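Here is a short set of exercises to work through with the model open beside you. Try each task before you read its solution.

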Amino acid sequence: MKDHDCYLPEGSYAALPAVRQALRSPDGLRRAQAEGMILEAVAQRCTAAHDLLFDLGFAQGVMPRTCCALGVAEGDTREIAILSRVGKPTCFVVTGVELSADPPTVWLSRTAAQQRAQDALLDTLRPGDVIAAAVTHLEPFGAFVDIGCGVASLIGIENLSVSRIYHPSDRLRVGQSIYAVVRTVDRAARRISLTHRELLGTWEQNAARFSPGETVRGVVRSIEPYGVFIELAPNLSGLAEPRSDLTPGTVVSVYIRSILPQRMKIKLTVIDVLADRELPARPPYFLTEGRLQEWVYTPACCDKKPIVTHFDAV
């Protein structure tokens, strides 16, 4: 197992048998503290002082404000990063067990777990590495994801898929588990950026799932004077003739008239308008592990400028 594989997105640890065992008793927590084990529980409350409180059954877990998130102590992270943990699975390491206190108290630090995860990720990840992540927040410019113990990374909207979307919510939803590819590792700025579209298949891989003469479902992505672009898969769109009753996001059924690899085009005819909108489904990944050096979306026989991603080694 690679070092970075040891650090999972928050919400992943609670199901691990070792974590469940450690949380059952004071002795289990003391062993976890001695071993530096990363544990996880749901934050129940945030105090007026912005300390997080956890119900561990036999004791109260207390996570002091400065131990709740990387950057809080330095003023680089906003307080909302603490407030928003209430009701959510939160990673931590145990820093102290005081059962003689009133009430019995276990001291916790998420910051320590995050620091370890960030150090390992920055040290071991390389551009092109395929990793697991969990979507935590969506903005018009992209999706923020957790790549381990709450360490955040960004996938820009332009890197979510080849098919253009207006907002990341067209492709992903908060809480969704996904895969991503490391785009850049900036050790000086302690920042890792990701991309997603390279895991969703090339034009040929996606087009092979369809045949001329079929009628399938699609989603309207953009309206142009010369036609309507309709997404058949996250990395595959076709063009239909203009219709006045279509808007971006509308789900339609379409007849596939032709598939032209030489021109990287699919000609469609809209048959009917279906539901107004669908929730994002799990992306159809063609790759979920390993490392990419280069990804070429465009068919070799196509006369258009190729769409290529190069992952430079660092």
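**Exercise 1.** Does Arg65 count as buried, partly exposed or exposed, and at what relative accessibility? Work this out, then describe the salt bridge that Arg65 forms with Glu79.

*Solution.* Keep in mind that this is a predicted model.
- Step 1: Arg65 has a relative accessibility of 28%, so it counts as partly exposed. The cut-offs that matter here are under 20% for buried and over 50% for exposed.
- Step 2: The partner, Glu79, has 23% relative accessibility and is partly exposed too.
- Step 3: In the salt bridge between Glu79 and Arg65, the closest N and O atoms are 2.8 Å apart.
- Step 4: Glu79 and Arg65 both lie in the loop between β4 (60–63) and α3 (80–83), so their pairing ties together parts that are 14 residues apart in sequence.

**Exercise 2.** Which parts of the chain does the salt bridge between Arg110 and Glu10 link? Check the burial of both partners as well.

*Solution.*
- Step 1: Start with the general idea: side chains of opposite charge can pair when their charged atoms come close.
- Step 2: The side chains of Arg110 and Glu10 meet at 2.9 Å, N to O.
- Step 3: This pair links distant parts of the chain, with Arg110 in helix α4 (residues 110–124) and Glu10 in the segment before α1, 100 residues apart.
- Step 4: Arg110 is buried at 5% relative accessible area, and Glu10 is buried at 14%.
- Step 5: Look for further partners: Glu10, Arg85 and Arg110 are linked in a network of salt bridges.
- Step 6: For context, the whole structure holds ten salt bridges. Another one of them joins Asp245 to Arg243, with 2.7 Å between the closest N and O atoms. Asp245 is partly exposed at 42% relative accessibility, and Arg243 is partly exposed at 29%.

**Exercise 3.** Which residues of helix α2 are buried, and why do they lie on the same side of α2?

*Solution.*
- Step 1: Helix α2 covers residues 26–35, and its Gly28, Leu29 and Ala32 are buried.
- Step 2: These residues cover an arc of only 95° around the axis, which puts them on the same side of α2.
- Step 3: The spacing rule helps here: an α-helix has 3.6 residues a turn, so residues three or four places apart point the same way.
- Step 4: Now find the packing partners. The buried residues of α2 pack against α1 (17–22), β1 (39–42), β5 (89–98) and β6 (105–109).
- Step 5: Follow the chain past the helix: just after α2, Gly36 has a positive phi of about 70°.

**Exercise 4.** Which members of the largest nonpolar core touch the most other members?

*Solution.*
- Step 1: This core has 59 residues, and the ones to pick are Phe54, Ile147, Ile192 and Leu194.
- Step 2: Take Ile147 and leave out residues up to four places away in sequence: Ile147 touches Tyr7, Leu121, Ile131, Ala132, Ala133, Ser153, Ile192 and Leu194.
- Step 3: Apart from the largest core lies another, of 23 residues, including Val220, Leu232, Met264 and Val270.

**Exercise 5.** Where does Leu172 lie, and which residues does Leu172 touch?

*Solution.*
- Step 1: Leu172 sits in the loop between β9 (152–156) and β10 (177–186).
- Step 2: Leu172 is buried, with a relative accessible area of 1%.
- Step 3: Not counting residues up to four places away in sequence, the contacts of Leu172 are Val135, Leu138, Ala143, Leu160, Ile178, Pro280 and Pro283.
- Step 4: Compare with Ile192: from Leu172 to Ile192 is 20 residues in sequence and 20 Å in space, C-alpha to C-alpha.

**Exercise 6.** Which residues lie nearest the centre of the second largest pocket, and which element gives the largest share of the lining?

*Solution.*
- Step 1: The volume of the second largest pocket is about 920 Å³.
- Step 2: Its lining has 34 residues, of which Val162, Ser163, Arg164, Phe229 and Ser237 lie nearest the centre.
- Step 3: Two or more lining residues come from each of β12 (215–224), β13 (227–233), β14 (236–240) and β16 (265–273).
- Step 4: The largest share, five residues, belongs to β14.

How values were computed:
Residues are numbered from 1 along each chain as its sequence is written. This is a predicted model: local features need pLDDT of at least 70, side-chain atom pairs count only at pLDDT 80 or more; totals for chains, interfaces and linings use all residues. Side-chain values use heavy atoms; hydrogens and water are left out. Buried means under 20% relative accessible area, exposed over 50%, partly exposed in between (1.4 Å probe, protein chains only). Helices (H or I, at least four residues) and strands (E, at least two) are DSSP runs, numbered from the N terminus. The arc is that of the directions from the helix axis to the C-beta atoms. Contact means heavy atoms within 4.5 Å. A nonpolar core is a set of buried Ala, Val, Leu, Ile, Met, Phe, Trp, Tyr and Cys residues joined through side-chain atoms within 4.5 Å. A salt bridge is a side-chain nitrogen of Lys or Arg within 4 Å of a carboxyl oxygen of Asp or Glu. On a 1 Å grid over the protein atoms alone, a cavity is a set of points where a 1.4 Å probe fits but cannot get out, and a pocket is an open set with protein on both sides within 12 Å along at least five of seven lines; lining residues have an atom within 4 Å of a point. Grid points are joined across faces, edges and corners, and a volume is the space filled by probe spheres set on the points.
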